[in-house]
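This report describes one helical element, its surroundings and the charged pairs beside it. The sequence and the coordinates come first.

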Amino acid sequence: MAALLAAGRLPQARAVWDRLRPALREQGRFRLLAARLLAAEGHARAARRLFEDGFELPDLREGEETLSDPWSALTDCPLPPSYDFRMRPATS
């Protein structure tokens, strides 16, 4: 699904999402994919709500910017500390 999003193939990414089991959709990496999909589809408010509701990525490494990039696409607000694992300051 991430590759489909990166390629701009939104209908195909949505079709993959719609086939996922509900329990799988609740896992952190998939909630992040859902936020990215919603944002790409023009539903920024719904995508941001996923961040605000919270999710955990237990395998996220320190310094990884997996969360900061989609967040900055949704808002000009700083990345919430609970999602900030960057090891360098944000660039403007």
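A residue is called buried when its relative accessible area is under 20%, exposed when that value is over 50%, and partly exposed in between. The model discussed here is predicted. Arginine 14, with a relative accessible area of 23%, is therefore partly exposed.

**Helix 4**

Helix 4 covers residues 28-40, 13 residues in total. From its first C-alpha to its last it reaches 18 Å, close to the 18 Å expected at 1.5 Å a residue. Glycine 42 follows helix 4 and has a positive phi, near 90°.

The buried residues of helix 4 are Gly28, Arg31, Leu32, Leu33, Ala34, Ala35, Leu37 and Leu38. Their cover includes helix 1 (2-6), helix 2 (10-19), helix 3 (22-25), helix 5 (44-53) and helix 6 (68-74).

Two residues of this helix are described in more detail. Leucine 32 is found in helix 4, and its relative accessible area of 4% is under the 20% limit, so leucine 32 counts as buried. Not counting residues up to four places away in sequence, leucine 32 touches Phe51, Phe55, Leu57, Thr66, Leu67 and Pro70. One of these partners, leucine 67, is 35 residues from leucine 32 in sequence, with a C-alpha to C-alpha separation of 7.8 Å.

Arginine 36 is also found in helix 4. Is arginine 36 buried, exposed or partly exposed? Its relative accessibility is 31%, which lies between the limits of 20% and 50%, so arginine 36 counts as partly exposed. Leaving aside neighbours within four places in sequence, arginine 36 is in contact with Ala2, Leu5 and Pro70. The C-alpha atoms of arginine 36 and leucine 74 are separated by 9.3 Å, and the two residues are 38 residues apart along the chain.

**The nonpolar core**

The largest nonpolar core has 24 residues, and Phe51, Phe55 and Leu67 have the most contacts inside it. Helix 1, helix 2, helix 4, helix 5 and helix 6 are the elements that give two or more residues to this core. Helix 4 gives the most, with six residues.

Leucine 67 has contacts with Leu32, Phe51, Phe55, Leu57, Leu60, Leu79, Tyr83 and Phe85, again not counting residues up to four places away in sequence. Phe51, Phe55 and Leu57 are also among the residues that leucine 32 touches.

**Helix 2 against helix 4**

Two packed helices are described by the angle between their axes and the distance between the axes. For helix 2 and helix 4, the axes come within 11 Å and cross at roughly 145°. The crossing is left-handed. On the helix 2 side, Leu10, Ala13, Arg14 and Trp17 take part, and they meet Phe30, Ala34, Leu37, Leu38 and Ala40 in helix 4. Among the helix 4 residues in this contact, Ala34, Leu37 and Leu38 are buried.

**Salt bridges**

How many salt bridges does a search of the whole structure find? The search finds four. Among them are the pairs in this table.

| Arg | Acidic partner | Closest N to O distance |
|---|---|---|
| Arginine 14 | Aspartate 18 | 3.6 Å |
| Arginine 14 | Glutamate 41 | 2.6 Å |
| Arginine 48 | Glutamate 52 | 3.0 Å |

Arginine 14 and aspartate 18 are four residues apart in helix 2, so about one helical turn separates them. An α-helix has 3.6 residues a turn, so residues three or four places apart point the same way. Aspartate 18 is partly exposed, with a relative accessible area of 45%.

The side chains of arginine 14 and glutamate 41 meet at 2.6 Å, N to O. Arginine 14 lies in helix 2 and glutamate 41 in the loop between helix 4 and helix 5, so this pair ties together parts that are 27 residues apart in sequence. Glutamate 41 has a relative accessibility of 27% and counts as partly exposed.

Arginine 48 and glutamate 52 both lie in helix 5, four residues apart, about one turn of the helix. Arginine 48 is partly exposed at a relative accessible area of 24%, whereas glutamate 52, at 54% relative accessibility, counts as exposed. Through shared partners, salt bridges join Arg14, Asp18 and Glu41 into one network.

Note on methods. Residues numbered from 1 in each chain as written. Predicted model: local features only at pLDDT ≥ 70, side-chain atom pairs only at ≥ 80, totals over all residues. Heavy atoms only, no water. Expected span 1.5 Å × (residues − 1). Buried < 20%, exposed > 50% of the residue type's maximum accessible area, 1.4 Å probe, protein only. Contact = heavy atoms within 4.5 Å. Core = buried A, V, L, I, M, F, W, Y, C linked by side-chain atoms within 4.5 Å. Axes fitted to C-alpha atoms, helices over the stretch in contact; angles between N-to-C directions. Left-handed = near helix turned anticlockwise from the far one by under 90°.
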